[in-house]
Amino acid sequence: MFDLTLPEELVLLQDQVRQFSATVLGARHREFEAAGAVADPVRAEYAALGLAGMELPESLTGAGLGTQAKAVVLEELGAADPGAALALDALGPALYPLAELGGEAALARYALPLLEATAARALVVWGDSERPGRLCPLIQGSRATGTLPWVPAAKADLLVILDTQGAAVIESGFRLTPVKGSGLRAAGAAELVLENAPLSAHWENPAGAARALARWRLYTAALLTGLMRTAAETSREYALQRVAFGKPIAHHQALAFLIADMHSAVDASRILVQEAAWRADTGLPFADAAATAFVEAAEAGMFVAPNALQIFGGQGFMQDLPLEKYLREARTLALMAGGIDLARDLAGAAVADCAAGFALSPLRAEDA
Amino acid sequence: MDFAIDPHTARRLAAFDDLGREQMRPLGLEADRLGRPIPPDHPYFQTLIDLGFGRTRWRPTQEAADKTTGAPVGNSRATLLLSEQLSYWDRGVAVSAPGPGLGEGAIIAMGTADQKQRYLTPFLHPDKPRWGAFAMTEPGAGSDVAAIQTRAIRDGKNWILIGNKSFSGNSSRADFILVWATVDPSLGRAGHRAFLVEHGMPGLQDFHVERKMGLKAYESTSFRLEECRVPGANLLGGEDHYAHRAGFKGAMDTFNSTRPLVAAMAVGIGRAALDEAIGFARAQDITGDPRIRDRLERVARKLRAARLLSLKAAWLADHRQPNIIEASMAKALAPTAAFEAASLGMELLGVVGARGDHLIEKLFRDVKAMDIVEGTGQIQRVIMARKLVGLPHG
């Protein structure tokens, strides 16, 4: 029966990551942003947390933790610095196409070496199979060509192209040219150009690709949840300090209601992520739930982050405070994993085409 | 974490399908068409009794155990899912159902052994439909329950109640009404007392069944307490209870556990509207339109989040953890999500909805009440803001 209790080991993990985020990442996020990278000593501290292989199976020296655990970790990291979270996670969401389409053999071949290297990064990019080649890589035969205007990385050791039909792995034949980047600069920012890059592997498997994309969406939605939690909390605390017209601005009802709604938006995003992650871990269909969670988190991010800045007024616009950074990062995160409209398409189809009388029934047709 | 519904609850939900489709929906539409509540002698109510509904969750033998463990351990989550499912079929018909009513929780929590015996025993194995009712709202006090004006004046061993009550569900047909009054309006919540007022007590009079926009299957009734004399034994909890406890707490306990429930009812109405809207859109072959799909997606997503947040609030209650913010959050979000579902349904229907005889049109009228009862959406935000930023009272 419905129960949100986290297992004891996950509570411990959450506490550890929260501590790391608050004391290490949060304190230095402007420095990471300026450098477009996370400093080496911070990498060492992150490595000590043992999160790198948390989702890998135990047979591959991983911790075998699931999507729910990953969502807990990502919310905590995203609460401090989602760009740094990407920079620190060597496999990142590129893990999912490797795992869902290539299986353990692909993980052993492509993922494990990255975990042994220093500051390695695997990148996953969305290849729009509806409009191939438009602002995304074009796969022709055993090679890929094209330009992606932005990726959240300064360098990549492995590239995975994911589209609706499957995924391809690329190890060479591409280059990254630095760009300024809008948000998530701590992860680096570059234009990606592929010139006849050879495919090291190419898997056709639409169902596996859908699961990989769903997990990428959850990854992003969990980061967004953390980010907006911080934005909401920071602005709530400020609204209690700042006095206007004789009382704390939080006690003007226009702001009191806004703060309540921002708090609700964070909780709604989190619980949709949790449900979808639970479905993934339980072996139930989860692509629709993950798309729903991503759309909600993306929209909520665009509600919470700009209003958090708004509560700070002119100060929020200044780069002395992190509010403007939260806004850029929320905007950028919501552009990832193929973007919000692609997720809306999937979630909308799930509703419009569901079995009669089963739209949102507690007993869903797919489970019955 | 677990988001599954246990098999036992799942079976109970599914058990309502036939009753819902064959009786509740048609009865709701009929009451709506006729513009009056389902009469108390309608065979549907006897059917409910025969099926085992209309009973109290109180058990005389539980008393001893409760004394040692506090209030009985609830399963708010299962209750909440059942409420959602009943509202999916017809919220108005669901509320019309016989049973001890909204006051049951307060009687179990606060009532003396004798009061539970007298007022809940008839609901253990009822031979016929019986109702209990709850009366808090007044013409001048809705969401702000602390502002009730109905006076309770001690007169020897008795109490005299004077005042007006509004929108009390099922009260004209109820065996008893749990009436909230104040011994001194200047005391606010601390002055509140609840009384078990029996049908037929002199001074309980002028029942007026209101005409409503929707939810017509159950009666929302206003009545007057014209120097209504109530025996001292009918003061809920007895004198001792108020000697060492704030009088208001009983009412607030009821509200805290019912907000998620009302949120779930809204989700049920919203789901019904969504299902009907999809069915209609499919018949018109317009579900392929990306504009329509986007709107269906949004409505389904908001309802899904509202359901999960309602369950979260109930889960917290089941674990005796503070749930004030979460209960208000669910109550604030679910009715607007459900309203959006019904309103989208009307848009898809187009002028078919304007005819005034489609189920979605009825749901559109029904659902608005959900943002009002148990504290309006605005009051929920006030409550949340008190917790989040210490928004001052008043």
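In helix α6 of chain B, the buried residues pack against three elements of chain B: α5 (104–110), β4 (176–182) and β5 (192–198). Before going on, note that this is a predicted model.

Which residues are the buried ones in this helix, residues 113–120 of chain B? They are B:K116, B:Y119 and B:L120. Looking down the axis of α6(B), these residues fall within an arc of 90 degrees, so they line one face of the helix. The face turned away from that buried side has exposed residues, B:A113 and B:D114.

Now to chain A, and its own helix α6, residues 95–116. With 22 residues at 1.5 Å a residue, a straight helix would span 32 Å, but the C-alpha atoms at the ends of this one span only 15 Å. Where does α6(A) bend? The bend is at A:G102, and amounts to about 135 degrees.

A:G102 is also one of the buried residues of α6(A). Others on that list include A:L95, A:Y96, A:L107 and A:Y110. The buried residues of this helix pack against the chain A strands β1 (122–126), β4 (158–162), β5 (166–170) and β7 (190–204), and against helix α7 (206–241).

Last, a single residue. A:N307 sits in helix α9 of chain A, residues 287–311. Is A:N307 buried or exposed? A:N307 has 21 other C-beta atoms within 10 Å, and a residue counts as buried at 20 or more, so A:N307 is buried. Leaving aside residues up to four places away in sequence, A:N307 touches A:L258 and A:M262. From A:N307 to A:A349 is 42 residues in sequence and 31 Å in space, C-alpha to C-alpha.

Notes. Residues are numbered from 1 along each chain as its sequence is written. Chains are lettered from A and ligands numbered from 1 in the order in which they are written. This is a predicted model: local features need pLDDT of at least 70, side-chain atom pairs count only at pLDDT 80 or more; totals for chains, interfaces and linings use all residues. Helices (H or I, at least four residues) and strands (E, at least two) are DSSP runs, numbered from the N terminus. The expected span of a helix is 1.5 Å times one less than its number of residues. The bend at a residue is the angle between axes fitted to the seven residues ending there and the seven starting there. A residue is buried if 20 or more other C-beta atoms lie within 10 Å of its own, exposed if 12 or fewer, and partly exposed in between; C-beta atoms are placed from the backbone. Two residues are in contact if their C-beta atoms, placed from the backbone, lie within 7 Å. The arc is that of the directions from the helix axis to the C-beta atoms.
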